[in-house]
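Trainee: Could we work through this model together, with each answer reasoned out from the coordinates?
Mentor: Yes, please put your questions one at a time.

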Amino acid sequence: MSEEGNRSITLYSYRKVWFVEKKIYAIQNITLPFPVNPYEVLEFLVVVGVVLLLSRMVPVVENVPVVLRYAVLPYVTVKYLMKLKLDGKNPVKYFCGLIPYLFHKKCYIEHFRAYRREAEKVKLNWFCSKG
């Protein structure tokens with residue numbers, strides 16, 4: 001009896017077989033020197049946009065050299081964000097899912113509470129097969 005309780009079972013999953021890593025190898029007919037992740041490109045452009053807005057709003061940021069401001073800082077930020085996992089997801093996917101959640105109407109409890117008072121009782125019959 002104690003031998004059966006300590007026996008472990010290993011289940012193998014082949015989920016990684018279906019996972020294809022997304023990479024861009026060429027744009028039009030121009031072959032890139034290294035493959036680029038599309039999420040990294042999107043994050044890089046977002047960080048460059050944030051730095052551009054920040055430099056317009058805070059004049060002190062304009063004292064930073066252009067190469068550091070628009071190349072090095074976004075690159076380092078993107079590399080950090082790609083390692084970071086928010087709720088087990090890539091930050092781009094996380095924020096893309098967060099935006100609809102924030103604007104979704106959240107009235108589930110009120111919705112069910114309003115109908116529960118007015119609804120009549122429903123009796124379910126589970127014996128619905130004729131066999």
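**Helix H4 and its surroundings**

Trainee: In this predicted model, what distance should the 18 residues of helix H4 (residues 66-83) span?
Mentor: The estimate rests on a rise of 1.5 Å a residue, applied to the 18 residues of H4. The end C-alpha atoms of the helix lie apart by a distance that agrees with this expectation, and both the expected and the actual value are 26 Å.

Trainee: At which residue in H4 does the kink lie?
Mentor: The kink amounts to about 30° and comes shortly before a proline, Pro74. The residue at which the kink lies is Val72.

Trainee: Against which helix do the buried residues of H4 pack?
Mentor: The buried residues in H4 are Arg69, Pro74, Val78 and Met82. An α-helix has 3.6 residues a turn, so residues three or four places apart point the same way. The partner against which the buried residues of H4 pack is helix H3 (38-57).

Trainee: How are H3 and H5 oriented to each other, roughly parallel or roughly perpendicular?
Mentor: Helix H5 (residues 91-103) packs with H3 at an angle of about 70°, and the two axes are 10 Å apart. Angles from 65 to 115 degrees count as roughly perpendicular. The relation of H3 and H5 is therefore roughly perpendicular.

Trainee: Of the residues in the contact of H3 with H5, how many are charged?
Mentor: From H3 the contact draws on Tyr39, Leu42 and Glu43, while H5 contributes Pro91, Val92 and Lys93. Divided by character, these residues comprise four nonpolar and no polar ones, and the number that are charged is two.

Trainee: Is Asn37 buried or exposed?
Mentor: Asn37 sits in the loop between strand S2 (30-36) and H3, and, leaving aside residues up to four places away in sequence, Asn37 touches Lys22, Lys23 and Met82. The C-alpha atom of Asn37 is also separated by 6.2 Å from that of Ile24, although the two residues are 13 residues apart along the chain. With a relative accessible area of 12%, which falls under the 20% cut-off, Asn37 is buried.

Trainee: Where is Gln28 found, given its positive phi?
Mentor: Most residues other than glycine have a negative phi. Gln28, although not a glycine, has a positive phi of about 60°, and this residue is exposed, with a relative accessible area of 78%. Gln28 is found in the loop between strand S1 (24-27) and S2.

Trainee: What is the relative accessible area of Asp87?
Mentor: Asp87 is placed in the loop between H4 and H5, and it has a positive phi of about 60° although it is not a glycine. Asp87 is exposed, and its relative accessible area is 65%.

Trainee: What pattern does the protein chain follow along the sequence?
Mentor: The protein chain has six helices and two strands, and buried residues make up 11% of its 131 residues. Among contacts between residues at least 6 apart in sequence, 41% join residues at least 24 apart. Read along the sequence, the pattern is α-α-β-β-α-α-α-α.

Definitions and conventions
Residues numbered from 1 in each chain as written. Predicted model: local features only at pLDDT ≥ 70, side-chain atom pairs only at ≥ 80, totals over all residues. Heavy atoms only, no water. Helix = DSSP H or I, 4+ residues; strand = E, 2+ residues; numbered from the N terminus. Expected span 1.5 Å × (residues − 1). Bend = angle between axes of the 7 residues up to and from the residue. Buried < 20%, exposed > 50% of the residue type's maximum accessible area, 1.4 Å probe, protein only. Contact = heavy atoms within 4.5 Å. Axes fitted to C-alpha atoms, helices over the stretch in contact; angles between N-to-C directions. Parallel < 35°, antiparallel > 145°, perpendicular 65-115°, else oblique. Nonpolar A, V, L, I, M, F, W, Y, C, P; charged D, E, K, R; others polar.
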